[in-house]
Amino acid sequence: MLTLTEEQWQALQQGEARQFVSMVCDEFLANRPDMLVQPGREAVLARMQNAHDYAARVGFTSTPHIMRLMYLSADAVRIHDDPLVNGYLCKRGATPEQRLDEIDAIMRNKLQGMN
């Protein structure tokens with residue numbers, strides 16, 4: 001049986017997380033070639049990595065919601081660091097995923113009102 005040290009286990013998990021973020025980034029850029037040109041893949045990847053790290057810190061467990069936050073962060077740099085957004089996502093009474101769904105609904109409503 002293979003046994004890993006805690007350090008090896010953490011390194012394995014971090015490698016898998018980096019690979020996941022990279023794959024999501026490439027998927028995003030395939031649909032948004034404008035972002036590939038400006039700000040570029042490395043910038044988008046960094047934005048998404050920050051969002052992924054944030055999601056882990058605040059307790060996101062749903063992969064689709066983590067990806068949604070990463071996509072949002074690609075366009076709205078470090079949106080999760082905005083005190084209002086962070087406060088709302090971390091507010092008691094609902095999961096971060098439920099709060100993100102609420103933010104999405106508010107944004108959709110605002111965008112529809114602009115048309």
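This is a short tour of a predicted model, moving from the whole chain to a few charged residues and their surroundings.

**The whole chain**

Start with the protein chain in cartoon view. The chain has five helices and zero strands, and read along the sequence it follows the pattern α-α-α-α-α. Taken along the principal axes, the C-alpha atoms fill a box of roughly 60 × 40 × 20 Å.

Switch to a surface view. The accessible surface of the chain comes to about 7,600 Å², and carbon and sulfur atoms hold 57% of that area. Of the 115 residues in the chain, 30% are buried. Among the contacts with a separation of 6 or more, 54% are between residues 24 or more positions apart.

Now colour by charge. The chain carries 12 positive and 15 negative charges, and the mean positions of these two sets are 7 Å apart.

**First stop: aspartate 26 and arginine 41**

The structure holds seven salt bridges. Select aspartate 26 and arginine 41 to see one of them: their side chains meet with an N to O distance of 2.8 Å. Aspartate 26 is in helix α1 (residues 6–31) and arginine 41 is in helix α2, so the pair links distant parts of the chain, 15 residues apart.

How accessible are the two partners? Aspartate 26 counts as partly exposed, at 38% relative accessibility. Arginine 41 is also partly exposed, with a relative accessible area of 25%.

Add Glu42 to the selection. Asp26, Arg41 and Glu42 are linked in a network of salt bridges.

**Second stop: arginine 32 and aspartate 75**

Next, select arginine 32 and aspartate 75. Their side chains meet in a salt bridge, with 3.0 Å from N to O. Arginine 32 sits in the loop between α1 and α2, while aspartate 75 lies in helix α3 (residues 63–75), so the salt bridge ties together parts that are 43 residues apart in sequence. Aspartate 75 is partly exposed, with a relative accessible area of 45%. Arginine 32 is partly exposed as well, and its value is 25%.

Keep aspartate 75 on display, as the next two stops return to this residue.

**Third stop: methionine 35**

Select methionine 35, which is found in helix α2. Is this residue buried or exposed? Its relative accessible area is 7%, and the cut-off for buried is under 20%, so methionine 35 counts as buried.

Measure from its C-alpha atom to that of aspartate 75. The two residues are 40 residues apart along the chain, and these atoms are separated by 8.7 Å. Then show what surrounds the side chain. Not counting residues up to four places away in sequence, methionine 35 touches Phe28, Leu29, Gly40, Val44, Arg47, Ala74 and Asp75. Arg47 in that list is the next residue to select.

**Fourth stop: arginine 47**

Arginine 47 has its place in helix α2 (residues 33–58). This arginine is buried yet has no salt bridge. Which side chain of opposite charge is nearest to arginine 47? That side chain belongs to aspartate 75, and it is 6.1 Å away. A salt bridge needs a nitrogen within 4 Å of a carboxyl oxygen, so a pair at that distance does not count.

Look instead at the backbone of alanine 74. Its oxygen lies 2.6 Å from a polar atom of the arginine 47 side chain. To complete the view, select the residues that arginine 47 touches: Met35, Pro39, Ser73, Ala74 and Val77, not counting residues up to four places away in sequence.

**Last stop: arginine 68 and aspartate 104**

Finally, select arginine 68 and aspartate 104. The two side chains meet in a salt bridge of 3.0 Å, N to O. Arginine 68 lies in helix α3 and aspartate 104 in helix α5 (residues 96–114), so this pair ties together parts that are 36 residues apart in sequence.

Colour these two by accessibility. Arginine 68 is partly exposed, with a relative accessible area of 33%, whereas aspartate 104 is buried, with a value of 9%.

What does aspartate 104 contact, leaving aside its neighbours within four places in sequence? The residues are Arg68 and Leu72. Show both together with aspartate 104 to end the tour.

Key: Residues numbered from 1 in each chain as written. Predicted model: local features only at pLDDT ≥ 70, side-chain atom pairs only at ≥ 80, totals over all residues. Heavy atoms only, no water. Helix = DSSP H or I, 4+ residues; strand = E, 2+ residues; numbered from the N terminus. Buried < 20%, exposed > 50% of the residue type's maximum accessible area, 1.4 Å probe, protein only. Lys, Arg positive; Asp, Glu negative; His and termini not counted. Polar contact = N/O pair within 3.5 Å; in protein donor to acceptor, adjacent residues only side chain to side chain. Contact = heavy atoms within 4.5 Å. Areas by Shrake-Rupley, 256 points an atom, 1.4 Å probe, with all protein chains shown as cover. Charge placed at Lys NZ, Arg CZ, Asp CG, Glu CD.
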